[in-house]
Amino acid sequence: MTTDSPSTSTSAAGGGISTFKGQERALRADRLGTGGLLLSVLAATAPLMVVAGVMPTTFAVMGIVGQPLLFVVLGVVLILFSVGYAEMSRHVHNAGAFYAYISRGLGGTAGAGAALVALVAYNALQVGIYGIFGFEVSGLFATYADIEVAWWIPALVAALGVGLLGWLKIDVNARVLGVLLVIEVLLVVIFDIAALADPAKEGLSLHAFNPDTLTGAGVGTALCFCIAAFLGFEQAPVYAEETSRPHVLVPRVMFLAVGGVAVFFALSSWALTVATGPSAIVGTAQKQSAGLLFFLTESRLGGTFTDVLHVLFVTGMFAALLSFHNVVARYAFAMGREGLLPAAFGRTSGSSGAPGTGSLLQSVVSVVIVVAFAIADDKPVGDPTAPVLHLFTWFGNIGALGVIVLMAAASLSVVVFFVRRGAAGAQAWRLVTSALAGLALVVIAGYTVKDFEVLVGAGPGSALSWVLPGTIGLALVAGLVLGLVLRARAPEKHARIGLGNEAFQLDKAASS
């Protein structure tokens with residue numbers, strides 16, 4: 001059975017059954033429109049964090065001048081992926097998104113494996129940001145208040161704040177995310193215009209879009225860095241139950257997000273090459289590191305603009321923290337509803353209808369990991385090793401690898417889902433795009449694992465090069481084992497994996 005329409009109620013013997021409203025096993029509908037959903041999704045991309053952090057790192061470490069072209073190429077790959085993924089969202093409305101889709105195509109056991117991978121990956125992405133967030137806030141205190149604050153103090157305060165907002169209504173969260181995001185994007189656009197209006201001596205060079213710039217050993221690793229910049233668009237189906245027309249809004253938001261992000265990042269990375277000159281971008285990025293953007297705005301837009309940009313860098317990261325927190329909470333909710341986590345996770349909180357237990361779980365995980373890294377940090381205040389080079393880099397790349405694996409599996413699942421239903425002919429072009437995207441994502445995942453020691457800054461032969469990506473492998477194995485156990489010992493639970501609220505309503509109808 002699939003939920004092909006966003007109906008709000010279904011009649012059954014013994015009384016009405018609300019499909020999306022008023023049940024503890026369903027998230028509350030009609031809370032998000034196109035704007036709110038788009039803002040919630042885009043906030044996870046943290047545009048300023050990408051422009052100020054990811055882009056300079058890719059230029060400096062990988063030596064890839066053609067980063068703007070790389071964003072265009074990845075945009076094409078992810079649009080191909082989104083074609084089938086969006087079509088699945090018309091048939092499956094489940095806060096478990098990735099694992100729900102994989103369950104429908106590849107079966108409940110594969111879905112259980114995907115569920116654990118998703119839970120670990122999105123937790124890792126969210127927790128990792130606390131490191132660079134705490135470090136940047138600590139730097140602001142040192143610069144503007146001449147106060148030394150250890151990075152883990154603002155990180156823990158942020159964790160508590162994010163946890164509190166996670167208990168509030170989703171529309172409140174969307175407004176918070178939206179205000180931060182709009183201002184953040186506006187400032188980056190102002191820089192882009194200033195850079196193009198005042199280029200370096202090479203002028204408005206398009207050299208960064210030359211295919212010849214995508215050669216060399218660093219391209220594969222650069223793909224890993226750049227695809228992480230897109231993460232967030234795939235979260236749209238997670239909120240499907242909280243929209244009034246998921247079959248319309250989710251695909252619309254996904255294509256708007258992927259297209260908008262690809263264009264925005266391609267133009268912004270090109271503006272960086274124009275501001276320094278294509279021949280100088282790698283050297284300047286190596287010298288300035290994460291200060292590249294602020295170095296370039298200082299000379300063109302002045303100190304006040306740069307100070308505001310520093311503050312927005314922090315608020316943008318907070319928006320990403322909140323967005324990933326909401327996604328993790330919904331994955332936990334979906335898993336609790338289907339027996340992959342304790343049943344308490346499958347209930348929503350009273351007045352807000354938010355997945356409260358999942359929100360609490362994510363907050364606890366965040367606090368525990370931040371505290372662990374704080375205890376292990378023996379460097380002086382202001383040293384980026386623990387918060388940035390370890391917590392942010394390690395966990396960010398673990399999360400990126402997990403999501404890439406999930407996208408590749410989801411692409412295969414789309415093909416199998418429609419073929420098994422005899423819809424291969426009607427969906428032929430979507431199956432082709434899904435297959436092409438899946439192959440590209442498998443290649444990117446291979447490069448990610450192969451170059452993981454480069455991604456996390458570990459030396460050759462370091463245990464980190466297999467321990468960190470092994471976290472995703474371990475989550476996959478644990479999930480598959482759980483799925484097999486459920487299939488053998490609780491086949492009725494196994495059959496519900498991926499069905500989400502449909503299964504709950506079927507059970508309620510049967511009992512009535």
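Are F71 and F265 buried or exposed? Select the two residues together: both F71 and F265 are buried. The model in the viewer is a predicted one, and the tour starts from this pair.

**First stop: the rings around F71**

Keep F71 selected and add F230. The centres of these two rings are 6.0 Å apart and their planes stand at 50°, so the pair counts as tilted. That angle is neither under 30 degrees, as stacking would need, nor over 60, as an edge-to-face pair would need. Now colour the helices that carry the two residues. F71 belongs to helix α3 (residues 67–91) and F230 to helix α8 (residues 218–230), so this pair ties together parts that are 159 residues apart in sequence. F230 is buried, as is F71.

Return to F265. With F71, F265 forms another tilted aromatic pair, with 5.5 Å from centre to centre and 50° between the planes. Because F71 lies in helix α3 and F265 in helix α9 (residues 246–276), the pair ties together parts that are 194 residues apart in sequence. Add F264 to the selection to complete the group: F71, F230, F264 and F265 make up one aromatic cluster. In the structure as a whole there are 15 aromatic pairs.

**Second stop: a charge over a ring**

Select F417 and R421 next. The charged end of R421 sits over the ring of F417, at 3.9 Å from the ring centre.

**Third stop: the loop after α5**

Move to D146, in the loop between α5 (108–145) and α6 (152–166). With 71% relative accessibility, D146 counts as exposed, since the cut-off for exposed is over 50%. Inspect the backbone here as well: D146 has a positive phi of about 55°, although it is not a glycine. Most residues other than glycine have a negative phi.

**Last stop: helix α16**

Select helix α16, residues 464–489. Its 26 residues, at 1.5 Å a residue, should span 38 Å, and the end C-alpha atoms are 36 Å apart, which agrees. Centre the view on G470, where α16 has a kink of about 35°.

Which residues of α16 are buried? They are S465, L468, P469, I472, A475, G479, G483 and L486. To see what covers these buried residues, display α5, α13 (385–420), α15 (452–455) and α17 (491–496), which are included in that cover. Helix α5 was met at the previous stop, where the loop holding D146 lies between α5 and α6.

Technical notes
Residues numbered from 1 in each chain as written. Predicted model: local features only at pLDDT ≥ 70, side-chain atom pairs only at ≥ 80, totals over all residues. Heavy atoms only, no water. Phe/Tyr/Trp six-rings, centres within 6.5 Å; stacked < 30°, edge-to-face > 60°. Helix = DSSP H or I, 4+ residues; strand = E, 2+ residues; numbered from the N terminus. Buried < 20%, exposed > 50% of the residue type's maximum accessible area, 1.4 Å probe, protein only. Lys NZ or Arg CZ within 6 Å of the ring centre and 35° of its normal. Expected span 1.5 Å × (residues − 1). Bend = angle between axes of the 7 residues up to and from the residue. Contact = heavy atoms within 4.5 Å.
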